[in-house]
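Colleague: Before I use this model, I would like to go through the labels attached to it and hear the reasoning behind each of them.

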Amino acid sequence: MTSDATAPTADGTRDPFAPLDVSWTPVSTRLARARLTVLALWFGPLVVAGAVVAVATGEAWVWVWPAVTAALAAWQSWLIPRQVRAMAYAERADDLLIRRGILFRSLVVVPYGRMQYVDVTAGPLARRFRIASVQLHTASPGTGASIEGLPPQEAARLRDRLASRGESRLAGL
């Protein structure tokens, strides 16, 4: 991708994470709720256990553990929705773009002709929140890509579309 194919930033330079003429499709906000649930399931018992230990010992300094744990949980609770809003994908004529990240941004470009197969997965928590993940597998084990937090119907549609595009590109080789 050339620098002319990206959107300009505030200082006039080109942003490599914002290609021009790309219509991004965001992931479902239910992904944020699922991640916040996992956060509560991990940090909730830690805060409660720390508070119980602090009350049992009667020492003021022991309250540092539950306070720090609660502060980390609060910071993650603020961060998770922002991370999910930064996640999106875009289908182009020859490839699929996947972007994610706020501080450490990532833009993955997967050419359809390089795809070998496409998985759709949904664990128990994902099914509870009615979301699924699409995993793209390429010939190189280090270049797979995934899109989390898609509604199951969209995940199935995307799987079928990517598989058919991948097959048509491979047939043309």
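**Reasons behind the labels**

Modeller: As a start, the chain has 4 helices and 9 strands, and in sequence order they follow the pattern β-β-β-α-α-β-β-β-β-α-β-β-α; please keep in mind that this is a predicted model.

Colleague: Why is aspartate 95 called buried?

Modeller: Aspartate 95 has a relative accessible area of 12%, and buried means under 20%, so aspartate 95 is buried. This residue lies in strand β5, which covers residues 95-100, and, leaving aside neighbours within four places in sequence, aspartate 95 is in contact with Ala90, Val109, Val110, Pro111 and Tyr112.

Colleague: What makes the pairing of the side chains of aspartate 95 and arginine 92 a polar contact?

Modeller: The two side chains are joined at 2.8 Å, and the cut-off for such a pair of N or O atoms is within 3.5 Å, so the distance criterion is met.

Colleague: Why is valine 68, in helix α2, described as partly exposed?

Modeller: The relative accessible area of valine 68 is 45%; because buried means under 20% and exposed means over 50%, with partly exposed in between, valine 68 is partly exposed.

Colleague: How do you know that Val68 can belong to a nonpolar patch on the surface?

Modeller: Patch residues need over 30% relative accessible area, and valine 68 has 45%, so Val68 passes that cut-off. Val68 forms the patch with Val64, Leu72, Trp75 and Trp78, and together they have about 530 Å² of accessible area.

How values were computed: Residues are numbered from 1 along each chain as its sequence is written. This is a predicted model: local features need pLDDT of at least 70, side-chain atom pairs count only at pLDDT 80 or more; totals for chains, interfaces and linings use all residues. Side-chain values use heavy atoms; hydrogens and water are left out. Patches are made of residues with over 30% relative accessible area and no salt bridge: like charges are joined within 9 Å, nonpolar side chains (Val, Leu, Ile, Met, Phe, Trp, Tyr) within 5 Å. Accessible areas come from the Shrake-Rupley method with a 1.4 Å probe; for residues, only the protein chains shown count as cover. A salt bridge is a side-chain nitrogen of Lys or Arg within 4 Å of a carboxyl oxygen of Asp or Glu. Buried means under 20% relative accessible area, exposed over 50%, partly exposed in between (1.4 Å probe, protein chains only). Helices (H or I, at least four residues) and strands (E, at least two) are DSSP runs, numbered from the N terminus. A polar contact is a pair of N or O atoms within 3.5 Å; within protein, one must be able to donate a hydrogen and the other to accept it, and residues adjacent in sequence count only if both atoms are side-chain atoms. Contact means heavy atoms within 4.5 Å.
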